[in-house]
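Subject: Structure for you to look at

Hello,

Here is the structure I said I would pass on. Please open it first, then read the notes underneath.

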Amino acid sequence: AGVLAGEDGPGGLVFDDFKLSFWVGNVALAVILLDGGLRTDFETFRTGLKPSLLLATLGVVVCAGITGLAARWLLGLDWPLALLVGAIVGSTDAAAVFSLLKSAGVRLNERVATTLEIESGMNDPMAVFLTLTLIGVATAAHVGTGVTLDVSDFATSLASQFGWGTLLGVLTGLGFAWGLNRSRLLKEAPNGVLALLVASAGLTVFAFVTWVGGSGFLAVYLFGIATHKNARQAVESSLSALDGYAWLSQASMFLLLGLLVTPSQMLESFWPALAVALTMMFV
């Protein structure tokens with residue numbers, strides 16, 4: 001729908017507001033991860049945590065490297081830009097994972113399903129880390145200043161993303177659950193109002209953790225898990241409304257992404273780019 005409404009479609013709408021698309025995409029993904037976290041049982045979370053962490057760190061690096069190799073060969077990019085392409089697209093799409101596992105009739109072994117859900121919620125710090133690092137490398141190479149890699153800075157950045165995201169996500173989830181359990185007014189609130197409160201709290205956590213330098217996406221996912229574990233009865237009544245928010249978020253995000261696409265400009269690199277996508281999917 002977004003593509004058809006865009007400048008190459010019958011809609012003819014010229015849209016190039018990348019900043020708006022960026023913010024809508026961030027908010028949408030935060031809501032989707034919040035909904036996924038609120039539906040994840042803590043016991044199954046513990047079961048899939050170890051493989052998920054491995055996939056969300058080393059797995060993302062390997063996937064980005066293979067995809068970057070394909071971009072280098074098929075698109076003719078230099079190494080910094082090719083690896084940047086791999087870093088951008090190499091992590092799994094949380095929106096797609098949660099959507100398929102919830103509503104498409106996919107039935108997987110519990111450990112496999114949990115691993116996929118947790119990994120898609122936790123791979124953001126590594127993806128952000130790789131992307132920002134490679135943007136710096138590509139920029140330095142482009143302006144001819146040479147490439148100097150400060151490993152300590154990168155390690156600190158990664159630790160900050162994971163550390164603040166984990167710590168604040170869990171602590172705010174515990175605090176919010178405590179408030180839900182203690183407040184009679186909240187317990188008696190209509191389900192729709194409670195869903196608005198939960199969504200607002202999740203977005204506040206996402207914004208604050210991002211502001212202090214952590215991974216807001218990881219934080220809001222862990223916030224959902226901690227809230228569900230400690231205030232299950234209060235939260236579950238709002239899940240149907242939150243599911244609607246998650247679907248609305250997906251629709252809004254992909255509508256704007258479709259508006260940004262100009263098909264006539266994609267024709268030249270369509271087949272090589274498709275081959276890069278197939279490499280990421282099947283290799």
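**What was found**

Ala82 touches Gly68, Ala71, Arg72 and Leu77, leaving out residues up to four places away in sequence; touching, or contact, means heavy atoms within 4.5 Å. Ala82 sits in helix 4, which covers residues 79-89. Helices (H or I, at least four residues) and strands (E, at least two) are DSSP runs, numbered from the N terminus. With a relative accessible area of 0%, Ala82 is buried. Buried means under 20% relative accessible area, exposed means over 50%, and partly exposed is in between, with a 1.4 Å probe and protein chains only. Ala82 and Glu7 are 75 residues apart along the chain, and their C-alpha atoms are separated by 28 Å.

A word on the source: this is a predicted model, in which local features need pLDDT of at least 70 and side-chain atom pairs count only at pLDDT 80 or more, while totals for chains, interfaces and linings use all residues. Residues are numbered from 1 along each chain as its sequence is written, and side-chain values use heavy atoms, with hydrogens and water left out.

**The chain as a whole**

The chain has 15 helices and zero strands. Its C-alpha trace spans about 60 × 50 × 35 Å along the principal axes. The radius of gyration is 20 Å, which agrees with the value near 19 Å for a compact globule of 283 residues; it is taken over C-alpha atoms, and the globule rule is 2.2 Å times the number of residues to the power 0.38. Of the 283 residues, 41% count as buried. Among contacts with a separation of 6 or more, 79% are between residues 24 or more positions apart.

**Helix 6 and Met122**

How far apart are the end C-alpha atoms of helix 6? They are 18 Å apart, which agrees with the 18 Å expected for its 13 residues (110-122) at 1.5 Å a residue. The expected span is 1.5 Å times one less than the number of residues. The buried residues of helix 6 include Ala113, Glu117 and Met122.

Met122 has a relative accessible area of 5%, so Met122 counts as buried. Leaving aside neighbours within four places in sequence, Met122 is in contact with Leu49, Leu53, Ala56, Phe162 and Leu218. Met122 and Tyr221 are 99 residues apart in sequence, but 8.1 Å apart in space, C-alpha to C-alpha.

**Thr40, Ser249 and Leu196**

Thr40 lies in the loop between helix 2 (18-38) and helix 3 (42-75). Its relative accessible area is 2%, so Thr40 is buried. Not counting residues up to four places away in sequence, Thr40 touches Phe45, Glu117, Tyr221, Ile225 and His228. The C-alpha atoms of Thr40 and Phe22 are separated by 27 Å, with their positions 18 residues apart along the chain.

Ser249 is placed in helix 13 (residues 239-260). Ser249 is buried too, at 11% relative accessible area. Its contacts, leaving aside neighbours within four places in sequence, are Ala28, Val31 and Ile32.

Is Leu196 buried or partly exposed? At 49% relative accessibility, Leu196 counts as partly exposed. Leu196 belongs to helix 10 (residues 191-211). From Leu196 to Leu77 the C-alpha distance is 46 Å, and the two are 119 residues apart in sequence.

Regards
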